[in-house]
Amino acid sequence: MTNLGKPPDFDAVVIGAGFAGLGMLRRLRDEDGMSVQVYETGDGVGGTWYWNRYPGARCDSESYVYCFSFSKELLQDWDWSGKYPEQPEILSYLNHVADRFDLRRNIQFNTRVTSARYLEDTSLWEVETDQGDRVTAQFLITGIGCISSGNVPDIKGLDSFQGEWYHTGSWPHEKVDFAGKRVAVIGTGSSGIQSIPVIAEQAAHLSVFQRTPQYTVPARHGTVDRKFIEEQIKPNYEAVLNKARWSAGGFPIDRDERSALEVTEAERMESFEAGWAEGGIRFLGTSFKDISMDRRANDTMSEFIRNKIREMVKDPETVEKLLPTDHPFGSKRPLIDTNYFDTYNRENVELIDIRHSPIQEITPKGIRTEDQEFEFDMIVFATGFDAMTGTYFKMDIRGRNGLSLKEKWSEGPKTYLGLQTVGFPNMFMITGPGSPSVLSNMPMSIEQHIDWIADFLQYMRRGEINSVEADENAETAWVAHVNEVAEPTMYMLADSWYLGANIPGKPRVFMPYVGGLGNYRRKCNEVADNGYEGFILDAGRR
Ligand code: NA7
């Protein structure tokens, strides 16, 4: 059977109702007059912030830049209460956006997209869901997040555990009660270091299972500075956001253009101390220009943090376990904490080094490592995600000639600008691999993609172009460029999820684009200004 001549059910199907899906829906529907269907697995909007409800869950971007910028009124009306937005507040914000812009009527909740197939005869996508939907659309747009497929490690015996267990990335909606319980947390990434201090305050006993010691910087979290927001941000919002848009990381901050090695030891320490006192993203973001590029410059900052750990933690044996010496600061995702190291001074908290004594199995009563057996009432897996590609592979996405995305990316993701991949015409990825995405303040990257994609679709409409596909040479060159800019950086010196190193068997490829959001934005604009160079535009058949 052919669909030739038959109009699609929708102009676009968008997968996911987090920041990306909500923003894409609003833009295409309300500004461009397109028909859009959004499918969302959860029973509400929010994406990452719908699923990650673990205690202490909070964003590492300051609240005034962690937002949509398409509506001046929304920017002025919304008031964040925290310096860093906490999960419940971000979820309220996204619910507010969904209500205010009447977005829910085009979102089908409790619906997982199971497959998407490109129909070559009509240049349409056919999308199927676990609720029995089968619809066609000209465009398929993924807003599925970069860190949304939880990784519960395959540890022998988990099925036999008689207590409760949870993964931070799919936390229950009901309150989890730690009171009086012996709790294990496995993992010390962002989710671990945010939840550990909160769980420690409530549990009878907390054992933290650490594989890799971490550098983490105090967030200096608190209530929002109203005066600062009212006097410096709100009257200048557009300028503040514009600065963020063209910056390296999506924040309106300036780095120190000096090298860490050209200043005196006293000047360096003064700068590090000032950054430490300010805390959060500013510690690294406003520091010397070569911390992420030059190992010797980085060593000075890494050692500064190690000294802070030595000062903060009382027990010398625990200090030894906590000191990160196997990778430079910033080579794994930089962490921002509230009372993390201080937690190890509590009587009810112990640190177990599983690098030297790995977990052997989970038993009905707890966890057995090479050296010891532990009993727990609850295990919390803060073990991260199959990042950047995992969620794509959960769906059967097939492009031209029936090629599956999983096959195409079997040696690592290949994209042009992180927006499209050859063989999958009319499919666009919001913050796909090969774009700055997780190396930036996400809403800034998401909005840049939303606008760029929507502008492209309008360009296609005006030119009566039915299908668009990245050109093989453009993709090859972009993949090479992504690797080339990552190569000299600190990022290559750690086993991180940026490299897929946390998932056994995943190809070791650096996935996000490290060249900076501003440079990336410039490149995307140039591509558009040059008639979308690197894309093959086809009038196609309909
Ligand atoms: P991360 O940053 O991937 O952290 C996961 C942690 O779990 C990390 O400490 C891992 O150790 C540890 N881990 C992973 N697998 C295992 C196994 N099998 N055994 C023991 N320990 C393990 O995930 P998060 O959820 O904390 O943060 C994800 C992102 O969300 C974050 O970067 C922000 O962007 C928001 P490792 O370091 O790999 O040795």
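1. Quick definition before anything else: a cavity here is a set of grid points where a 1.4 Å probe fits but cannot get out, and a residue counts as lining if it has an atom within 4 Å of a point. Keep in mind that this is a predicted model.

2. With that in hand, take the second largest cavity, at about 100 Å³. Its lining is made up of P413, K414, T415, P433, G434, W478, V479, V482, N483, V509, F510 and M511. Sorted by class, that gives 8 nonpolar, 3 polar and 1 charged residues.

3. How many cavities of 30 Å³ or more does a search of the whole structure find? The count is 4. The largest cavity comes out at about 120 Å³. It has 14 lining residues, and L75, W78, W80, K234 and Y237 are the closest to its centre. Two elements, α3 (72-77) and α6 (226-233), give two or more residues each to that lining. The class split for the largest cavity is 10 nonpolar, 1 polar and 3 charged.

4. Now the pockets, or at least the second largest one, with a volume of about 310 Å³. It is lined by 18 residues, and R27, E447, Q448, D451 and W452 lie closest to its centre. Three helices, α1 (19-31), α15 (442-462) and α17 (517-529), each put at least two residues into the lining. Which of the elements gives the most? That's α15, with 7 residues. The lining of this pocket divides into 6 nonpolar, 4 polar and 8 charged residues.

5. On to the sheet. There's an open one of 5 strands, paired in parallel, in the order β7-β16-β8-β9-β12. Why do β7 (164-167) and β12 (349-353) each have one side without a neighbour in the sheet? They stand at the edges with a single partner strand each, so there is nothing of the sheet on the other side. On average, neighbouring strands are turned by 15° against each other, direction ignored.

6. Within that sheet, have a look at β8 (residues 182-186) and β9 (residues 205-210): the two run parallel and are joined by 5 bridges. If you want a spot to zoom in on, V183 stands opposite L206 in β9.

7. Last point, the helix on this sheet. α5 (residues 190-202) lies across β8, β9, β12 and β16 (378-381). Relative to β9, α5 runs at about 155°.

Conventions:
Residues are numbered from 1 along each chain as its sequence is written. This is a predicted model: local features need pLDDT of at least 70, side-chain atom pairs count only at pLDDT 80 or more; totals for chains, interfaces and linings use all residues. Side-chain values use heavy atoms; hydrogens and water are left out. Two strands pair if DSSP finds at least two bridges between them. Helices (H or I, at least four residues) and strands (E, at least two) are DSSP runs, numbered from the N terminus. Axes are lines fitted to C-alpha atoms, for helices over the stretch in contact, and angles run from 0 to 180 degrees between N-to-C directions. Contact means heavy atoms within 4.5 Å. On a 1 Å grid over the protein atoms alone, a cavity is a set of points where a 1.4 Å probe fits but cannot get out, and a pocket is an open set with protein on both sides within 12 Å along at least five of seven lines; lining residues have an atom within 4 Å of a point. Grid points are joined across faces, edges and corners, and a volume is the space filled by probe spheres set on the points. Ala, Val, Leu, Ile, Met, Phe, Trp, Tyr, Cys and Pro count as nonpolar, Asp, Glu, Lys and Arg as charged, and the others, Gly among them, as polar.
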